[in-house]
Amino acid sequence: MGRYPDRHSVSIPALWAVQKLYGWCTPEGIRQAAAVMRVTPAYLESVASFYDLLHTEPVGSHKVAVCTNISCWMRGGDELLDAFRAAAEGREDLFVTGFECLGACDIAPMASIDERYFGPLEPGEARTAVDQLLAGEDVLAEKALAKRPLAGDAAAANGGDDA
Amino acid sequence: MPETRVLLEHAEDPALRTLAGYKRHGGYATLEKAYRQMEAEEILKELEDSGLRGRGGAGFSMGKKASFLPRGEIDKYLCCNADESEPGAFKDRELMQRNPHQLIEGIAIAAIAADAGHAFIFIRGEYDLQADILDAAVAEAYEAGYLGENILGSHRDVELIVHRGAGAYICGEETALLDALEGKRGNPRLKPPFPAVQGLYGGPTLINNVETLSNVPRIVAHGAEWFKGFGTEQSPGTKVVSVSGGVRRPGNYEVELGIPTRELIYGLAGGPLEGREVKAFYPGGSSSPVLTPEEGMDLPYSFEAIAEAGSMLGSGSIIVADDSVSIPHMALRTARFYHHESCGKCTPCREGTNWTVKMLERVVRGEATPMDLDIISSVQDNIMGNCLCVLGDSMAMPVSAMVRKFRDEFEQVIAEAGPELDSARIAAVQGPAETLGAAT
């Protein structure tokens, strides 16, 4: 908080911290953060409710967000979301949601699984991903965005043909 | 035509992420020169002369924007807008993930020009991996003395904080970003006053996109003339273009501005998938009016040429719709996004996005009449130019372009489902005849 010129600036980082500790922005956690920041809990609640990534209701400890925006939709984002929802059936510690553009249209259709990006995914891979995630294993290692080369380099490596 | 990699030069080297790797490729030499030998005016002049245009969407001259900041003893701020959330755009993600130090160096140099002591990178919360990478890079830069107090003995301080957002497209709007950074809900402010005069914490603030700031080190190192050697007269430089949708090789490609659009879509991105044809494309993210291949494929990919064709280069993100895509459905997806992301502060946007979604849902369900298309268009006309920020316009522009250019398809969708639904609807309305009679 001391790093910011104004202590109010810390509200989003504070809510992130609450969510990290409790799994979601609990009233108790918000009260604690508000006390430290010297603002009212209602103020922090109003901030929390504005942002899609801050949950004001309990959610599962693992989170999957499937992009259903334009580029992913064209490539089967809706089907991928359905597959994740089906795979998550009966597994309460898993929170699956559709999401607006996650900024990874190059790997469409894609999903953010516990804050990391994976794609392009087939609906059939949803169950594998969920099983790996809940078993605490590495998820779909070969589909991780972090490991992808630049598009132009991948094309050169594949002789320009990697549709 | 191959790529022209300037910002993405050496990006294939994973070590570029580290300070040592970045320095091996010549990194931070410009920062050292700037802090040891250069005055704010020199840097500002170089940036202005280079003609570098903002890469976030508006395309405004970066140097000019920086020159708007008042001088003198007053706390000034620099914000890097890394809240890339526009559907179709994913270039900043690539730049931050592969070359975080280039951005940090750009921020530190731009901070001299803006005379800003506090700098922030406001990064969207979804980009967790990239924020982690930036955090690590910023820590390294502090360690090396490129950030912090009295940088390289220059008596200049720059505190840089990586600030994570929490999921709201609107925070990419510069004044909403400021509100979010001040710890509020991300609502846009009325302009003027512009952030250059009154921005973060009420102080003069320079806000620039990731790609814009990433250009700064090389412009200061090689000079404005070198930079103008790339691109066109009005759109100098290179641009990282995100190409996605119905193409064989979606991805980020760095090219000189002004290359033929066809080269991007067919050459670098490999053209449409097997057996498909391009039906339309967004030339600059989901808020740009769509172009048909006849209108846009042979245009030079530059700010001026795309604007002349009635659209915009925006953030430089091409989304290709092939002939399997239903335009009314694509219009609905687009509108739904803006409806979801509207902050609700001003009426034309909040209500306009809501009604546009409702009407487009009627269209795709086959419950609309051709007259509804005129109403959709008129709603868009009433949104444009009437909102606090450009979010409303960002929906109105592509939706009205789609209705205008693909009206036949909209009418066909309506007609195909029309007759049965019409009778069903009449039956539903007339259903309980007594009630209807009683009401009148």
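Visitor: Domain bounds here come from an automatic or database domain assignment. How many Å separate the centres of domain 2 and domain 3 of chain B?

Guide: In this predicted model, chain B is assigned domain 1 (14-228), domain 2 (238-322) and domain 3 (327-421). Taken over C-alpha atoms, the centres of domain 2 of chain B and domain 3 of chain B are separated by 23 Å.

Visitor: How many nonpolar residues are on the side of domain 2 of chain B that touches domain 3 of chain B?

Guide: The contact takes 10 residues from domain 3 of chain B and nine residues from domain 2 of chain B. On the side of domain 2 of chain B, no residues are charged and four are polar, while the nonpolar residues number five.

Visitor: Which elements of chain A give two or more residues to the side that touches chain B?

Guide: The contact between the chains takes 56 residues from chain B and 43 residues from chain A. On the side of chain A, nine residues are charged, nine are polar and 25 are nonpolar. The elements giving two or more residues to that side are α1 (11-22), α3 (41-48), α4 (70-74), β4 (116-118) and α7 (151-157) of chain A.

Visitor: Over which residues of chain B does pLDDT stay under 50?

Guide: Chain B has a mean pLDDT of 94, with 95% of its residues at 70 or more. One stretch, for which the model has one contact beyond four places in sequence, stays under 50: residues 431-440 of chain B.

Note on methods
Residues are numbered from 1 along each chain as its sequence is written. Chains are lettered from A and ligands numbered from 1 in the order in which they are written. This is a predicted model: local features need pLDDT of at least 70, side-chain atom pairs count only at pLDDT 80 or more; totals for chains, interfaces and linings use all residues. pLDDT is the predictor's confidence in each residue, from 0 to 100. Two residues are in contact if their C-beta atoms, placed from the backbone, lie within 7 Å. Helices (H or I, at least four residues) and strands (E, at least two) are DSSP runs, numbered from the N terminus. Ala, Val, Leu, Ile, Met, Phe, Trp, Tyr, Cys and Pro count as nonpolar, Asp, Glu, Lys and Arg as charged, and the others, Gly among them, as polar.
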